[in-house]
Amino acid sequence: MQTYDGLLAAVTAHEGQTQEVRDPATGAVIGHAPVHSVEAVDRAIETAAAAAASWAAISDADRAALLHRAADAVEAHADALVELLSREQGKPLNGPNARFEVGACAVWLRAAADTPHPNHEIINDESGRATMHYRPIGVVAAITPWNWPLMIAIWQIAPSLRMGNTVVQKPSEYTPLSGLALVRILNTVLPEGVLQSVSGGGDLGARLTSSPKVGKIMFTGSTATGKKIIEASAEHVTRLTLELGGNDAGIVLPDVDAKAIAPDLFWGAFINTGQTCAALKRLYVHDSVYDEVVAELVAFARTVPMGVGLEEQNELGPLQNKMQYDIVDRLVQSAIDSGATIECGGNPEREAPGFFYPTTIVSNIDPHNPLVVEEQFGPALPVVRFSDLDEALVLANELEVGLGASVWSSDREKALDVAARMESGTVWINGHGGLHPMIPFGGAKQSGYGKEFGAEGLKAVAVAQVVSG
Ligand code: NAD
């Protein structure tokens with residue numbers, strides 16, 4: 001078991017180009033990460049390509065066993081990884097945060113190992129015989145954002161390795177150390193060359209996505225970057241799974257128990273301090289329960305402490321970076337300027353250290369205010385009043401993104417009807433954002449394409465080959 005200091009030292013760069021990494025809660029420098037060159041990216045791709053044949057030749061059972069050993073390694077180093085993640089990303093230890101994220105890495109590694117291989121017989125009768133085989137693609141480029149730096153990396157790495165591919169991973173330049181530490185821990189059990197990481201900015205991501213030796217790109221990040229990757233993929237017809245931005249809507253029907261749903265509504269929106277792709281980002285509440293739902297949400301919000309991640313009592317932390325803080329600040333200001341009601345929050349202590357933005361709930365807001373129609377990706381939830389369900393559905397569906405959505409009702413049939421009318425990759429009923437390693441996850445519209453998790457996720461990192469005859 002490695003200590004925090006040991007793990008940090010192992011991923012800290014001492015020579016070549018480096019970047020300073022700061023704790024978003026305090027501003028203190030926690031370390032220096034390497035900034036690799038494009039030549040280093042090319043070398044990593046070459047190494048991964050060279051390792052691909054021998055990795056693909058290992059039996060599926062042996063690869064699955066190695067993923068279990070990788071999960072054991074994550075668990076053995078969990079404390080150090082949790083501390084590094086909390087310091088670098090800002091997320092608290094407790095609540096759906098750092099300990100939860102490291103635990104999820106082990107869960108998803110084991111799930112990728114245990115999911116039945118998707119190979120299957122298509123037909124075998126008098127008309128003919130055909131089987132479907134899911135073969136390795138080769139080298140997978142895995143590119144991640146800064147909000148869930150470990151869990152999202154595992155979502156890309158684990159199925160790719162299981163299906164016999166080698167991987168070059170690039171963490172976000174905002175959270176490089178966590179990503180590098182994770183790969184280092186996984187590599188204590190994996191054969192050499194099978195999994196590598198490169199650390200640096202978007203130029204390195206662009207190098208990966210334009211390489212003729214990369215057969216598949218797994219990308220999670222903004223829609224704007226996703227569009228660049230689509231362009232880059234055109235030249236070599238590189239396969240893509242794109243998990244892009246979202247602005248998830250939730251619709252609360254009149255028959256809810258406001259007090260009972262308030263905690264789940266809150267965590268649906270404020271998980272990871274709102275910095276979650278599939279968080280509830282705009283809430284539409286029926287007029288008959290509107291005041292009560294807002295009051296219960298605000299009452300619950302006041303019970304959830306925000307502060308420095310490493311202090312055990314906190315469950316909400318800072319924004320990870322100034323760019324995101326400025327986005328949240330601008331959007332809340334647009335709500336204030338429009339005359340919306342700030343039920344709580346909305347007045348950050350600008351002189352205090354760290355990128356803390358207080359938990360903010362905004363009511364009586366115009367449905368087209370920027371805080372509603374732009375992705376805030378932070379701790380500020382707009383609550384829109386509606387009286388006509390059809391109108392609420394038009395508002396929920398009118399944006400160009402569609403990652404997740406939710407319906408809140410005590411009548412399951414009614415909720416199912418509404419779910420069928422929502423344009424998103426997932427609709428949750430009486431919850432928002434819950435993920436399961438066997439349930440496929442992915443976006444509709446400009447939130448991306450391709451599914452992750454379960455059998456669908458394994459198929460997405462393989463070449464589907466029909467053997468006929
Ligand atoms: P981003 O797009 O700025 O960066 C993501 C990654 O892409 C980083 O590693 C970055 O270095 C890299 N990159 C930048 N330019 C590139 C290029 N031209 N080619 C290849 N790679 C490039 O996103 P972000 O700000 O880190 O993440 C926040 C966004 O991600 C939000 O919009 C959020 O909704 C979305 N997100 C989506 C999901 C999902 O599952 N759908 C999950 C988490 C975050």
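Helix α9 supplies six residues to the lining of the largest pocket, the largest share from any element. This is a predicted model, and the pocket in it has a volume of about 1000 Å³. The lining is made up of 41 residues, and those closest to the centre of the pocket are Gly221, Ser222, Thr223, Ala224 and Thr225. Four elements give two or more residues to this lining: helix α8 (202–209), strand β8 (214–220), helix α9 (223–234) and helix α12 (322–337). By residue type, the lining divides into 17 nonpolar, 16 polar and eight charged residues. Rolling a probe the size of a water molecule over the atoms shows where empty space is left.

The salt bridges come next. The whole structure holds 22 of them. One joins the side chains of Glu312 and Arg99, with an N to O distance of 3.0 Å. Glu312 sits in the loop between α11 (287–301) and α12, while Arg99 belongs to helix α5 (residues 98–114), so this salt bridge ties together parts of the chain that are 213 residues apart in sequence. Glu312 has a relative accessibility of 44% and therefore counts as partly exposed. Arg99 is also partly exposed, because its relative accessibility is 38%.

A second salt bridge is formed by the side chains of Glu296 and Lys259, at 3.8 Å from N to O. Here the partners are both in helices: Glu296 in α11 and Lys259 in α10 (residues 258–270), so the pair connects parts that are 37 residues apart in sequence. Lys259 counts as exposed because its relative accessibility is 57%, and the cut-off for that class is over 50%.

Asp390 and Arg421 form another salt bridge, in which the closest N and O atoms are 2.8 Å apart. This pair links distant parts of the chain, with Asp390 in helix α14 (residues 389–397) and Arg421 in the loop between α15 (412–420) and β17 (426–429), 31 residues apart. Asp390 has a relative accessibility of 43%, so it counts as partly exposed. Arg421 has a relative accessible area of 43% and is partly exposed as well. Elsewhere, salt bridges link Asp60, Arg63 and Arg162 in a network.

Arg99 can also be set against a residue in another helix. Ala40 is part of helix α2, which covers residues 38–57. Along the chain, Ala40 and Arg99 are 59 residues apart, and 32 Å separates their C-alpha atoms. Is Ala40 buried or exposed? Its relative accessibility is 14%, so Ala40 counts as buried, the cut-off for that class being under 20%. Arg99, by contrast, is partly exposed at 38%.

The last feature is on the surface. Which residues make the nonpolar surface patch of about 230 Å²? The patch is made by Ile122, Ile123 and Val466. Ile122 lies in strand β3, which covers residues 120–125. With a relative accessible area of 41%, Ile122 is partly exposed. A residue needs over 30% relative accessible area to be part of such a patch, so the value of 41% for Ile122 meets that requirement.

Technical notes: Residues are numbered from 1 along each chain as its sequence is written. This is a predicted model: local features need pLDDT of at least 70, side-chain atom pairs count only at pLDDT 80 or more; totals for chains, interfaces and linings use all residues. Side-chain values use heavy atoms; hydrogens and water are left out. Patches are made of residues with over 30% relative accessible area and no salt bridge: like charges are joined within 9 Å, nonpolar side chains (Val, Leu, Ile, Met, Phe, Trp, Tyr) within 5 Å. Accessible areas come from the Shrake-Rupley method with a 1.4 Å probe; for residues, only the protein chains shown count as cover. A salt bridge is a side-chain nitrogen of Lys or Arg within 4 Å of a carboxyl oxygen of Asp or Glu. Buried means under 20% relative accessible area, exposed over 50%, partly exposed in between (1.4 Å probe, protein chains only). On a 1 Å grid over the protein atoms alone, a cavity is a set of points where a 1.4 Å probe fits but cannot get out, and a pocket is an open set with protein on both sides within 12 Å along at least five of seven lines; lining residues have an atom within 4 Å of a point. Grid points are joined across faces, edges and corners, and a volume is the space filled by probe spheres set on the points. Ala, Val, Leu, Ile, Met, Phe, Trp, Tyr, Cys and Pro count as nonpolar, Asp, Glu, Lys and Arg as charged, and the others, Gly among them, as polar.
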